[in-house]
Amino acid sequence: FPRRAPRAGRSFDTPCFAKNAGGPKRNKKSGASVGGGFGKAKGGAAQQTVLSKKAKRLLKKHGNDVDAASQDYFQASTAHLAGSSLSTDELHAAKVKATWDTVALFLPHDYARTKGRVEPYVARRLRHIVSACKSASTDGGPVSILDVGCGDGAIIDFLNEDGAYSYKGIDVSSEMIELGRKRHPTCDFTEGSFPESVPENEQFDTIVFNGSLQFFKDTRQALADASTKLKPIPGSRIVLSHVEGAKFVKEECRTSMGAAAREMPNNVSLQDYAYELGMNVVNKEELLASDSIDYDEDLDGDDGQFYLVVLETKQ
């Protein structure tokens, strides 16, 4: 069952599945659930999200125990999968959706408890990720961004700090999309899968997989699909990131019962993917050196603790 853990993406979270049927658990660093929590709105936006009647009923049933309520909801959401005739890919997609729907259902509980505060290390890393989204193809103009596995829009508050952009978020979780629309009513959110739910004629300066790449069973294909949705001009970017790093994703793959399907790409794989796509790899060292944001070299510089890399179309 899903447990809440820092997801660095999808809004800043990465639900893992507890080995022994735990239900969403808390992030050890902050004590908060991390279903969209890392990118929580600051101030007013956090107040716009309230618990649904469904979430309130479950919390009442379980004496306000969020973990028990989450486990109950997840089990009910996946009960029909046992013995179903769904294909392996369809089962995987259903499991990922159930995971994030479960996390999203109780996020307003966390927003209220933490008053929208974001851990400093999370905020710092999100700012680095947003900085990496700046595409050279725009010459300083507005950047069009597709956020794949957007959750409730974790990066949007930090995009607002950083300049002009147009944003589109896509996620398989209907609950996450509903939260995103409430928190950021002027932004474009689409419920669906990538790339199938992205209109054929839409292209972007930057496509970001923030805490979501590991939920694609075929990394190579996911990146190939992303490359076809980039504007066909030099400097367009695919940003791959996870606020909690590659070590977290590795553990997530081990414990998530198949929802997290792939570890973050290593340098050899990245070079291979970039070569096939006719792109260049821009590593984290270059990215951190080129932005104006302070960073902790010991913590942020370690891919195991903070993963960030860019594939960029050649100049």
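1. In this predicted model, isoleucine 207 lies opposite isoleucine 238, a residue of strand 7. The two strands concerned, strand 6 and strand 7, run parallel and are joined by 5 bridges. As general background, the strands of a sheet pair through backbone hydrogen bonds, in either a parallel or an antiparallel arrangement.

2. How many residues of strand 7 are buried? The count is 6 of the 6, so strand 7 is largely enclosed by the rest of the structure. In a regular strand, side chains alternate between the two faces of the sheet. Both faces of strand 7 are covered. Arg237, Val239 and Ser241 are buried on one side, and Ile238, Leu240 and His242 are buried on the other. The list of buried residues thus includes arginine 237 and histidine 242 along with isoleucine 238 and valine 239.

3. Strand 7 belongs to an open sheet of 7 strands with mixed pairing, in the order 5-4-3-6-7-9-8. Strand 5 (188–191) and strand 8 (279–282) stand at the edges; each has a single partner strand, so one side of each is left without a neighbour in the sheet. From one strand to the next, the twist averages 20°.

4. At one end of this order, strand 8 pairs with strand 9 (residues 307–313) in the antiparallel sense, over 4 bridges. Within this pairing, valine 282 is opposite valine 310 of strand 9.

5. Two helices that pack on the sheet deserve comment. Helix 8 (residues 174–183) touches strand 4 (165–171) and strand 5, and its direction makes about 165° with that of strand 5. Helix 9 (residues 219–228) touches strand 6 (206–210), strand 7 (237–242) and strand 9; its direction makes about 140° with that of strand 7.

6. Leucine 213 is located in the loop between strand 6 and helix 9. Is this residue buried or exposed? Its relative accessible area is 2%, under the 20% limit, and leucine 213 is therefore classed as buried. Residues up to four places away in sequence aside, leucine 213 touches Thr219, Ala222, Leu223, Leu240, Met264 and Pro265. Of these, Leu240 is one of the buried residues of strand 7. Leucine 213 and glutamate 263 are 50 residues apart in sequence, yet their C-alpha atoms are 8.5 Å apart in space.

7. Methionine 264, one of the residues that leucine 213 touches, is placed in the loop between helix 10 (245–255) and helix 11 (267–277). Methionine 264 is likewise buried, with a relative accessible area of 9%. Which residues does methionine 264 contact, leaving aside its neighbours within four places in sequence? They are Leu213, Gln214, Ser241, Ala246, Val249 and Tyr307. Ser241 is among the buried residues of strand 7. The C-alpha atom of methionine 264 is separated by 8.8 Å from that of lysine 247, which is 17 residues away along the chain.

8. The largest pocket has a volume of about 530 Å³. Of its 24 lining residues, those closest to the centre are His92, Ser193, Phe194, Phe215 and Phe216. Helix 4 (88–105), strand 4 and helix 9 each supply at least two residues of the lining. Helix 4 provides the largest share, 5 residues. By class, the lining of this pocket comprises 10 nonpolar, 6 polar and 8 charged residues.

9. A search of the whole structure finds 1 cavity of 30 Å³ or more. The largest cavity has a volume of about 100 Å³. Its lining is formed by Val50, Leu51, Ser52, Ala104, Leu105, Pro108, Glu175, Glu178, Leu179 and Lys182. Helix 4 and helix 8 each contribute at least two of the lining residues, and helix 8 gives the most, with 4 residues. The lining of the largest cavity divides into 6 nonpolar, 1 polar and 3 charged residues. Helix 4 thus contributes to the lining of the largest cavity and to that of the largest pocket.

10. For the protein chain as a whole, the model shows 13 helices and 9 strands. Buried residues account for 56% of the 315 residues. Among contacts with a separation of 6 or more, 73% are between residues 24 or more positions apart.

How values were computed:
Residues are numbered from 1 along each chain as its sequence is written. This is a predicted model: local features need pLDDT of at least 70, side-chain atom pairs count only at pLDDT 80 or more; totals for chains, interfaces and linings use all residues. Side-chain values use heavy atoms; hydrogens and water are left out. Two strands pair if DSSP finds at least two bridges between them. Axes are lines fitted to C-alpha atoms, for helices over the stretch in contact, and angles run from 0 to 180 degrees between N-to-C directions. Contact means heavy atoms within 4.5 Å. On a 1 Å grid over the protein atoms alone, a cavity is a set of points where a 1.4 Å probe fits but cannot get out, and a pocket is an open set with protein on both sides within 12 Å along at least five of seven lines; lining residues have an atom within 4 Å of a point. Grid points are joined across faces, edges and corners, and a volume is the space filled by probe spheres set on the points. Ala, Val, Leu, Ile, Met, Phe, Trp, Tyr, Cys and Pro count as nonpolar, Asp, Glu, Lys and Arg as charged, and the others, Gly among them, as polar. Buried means under 20% relative accessible area, exposed over 50%, partly exposed in between (1.4 Å probe, protein chains only).
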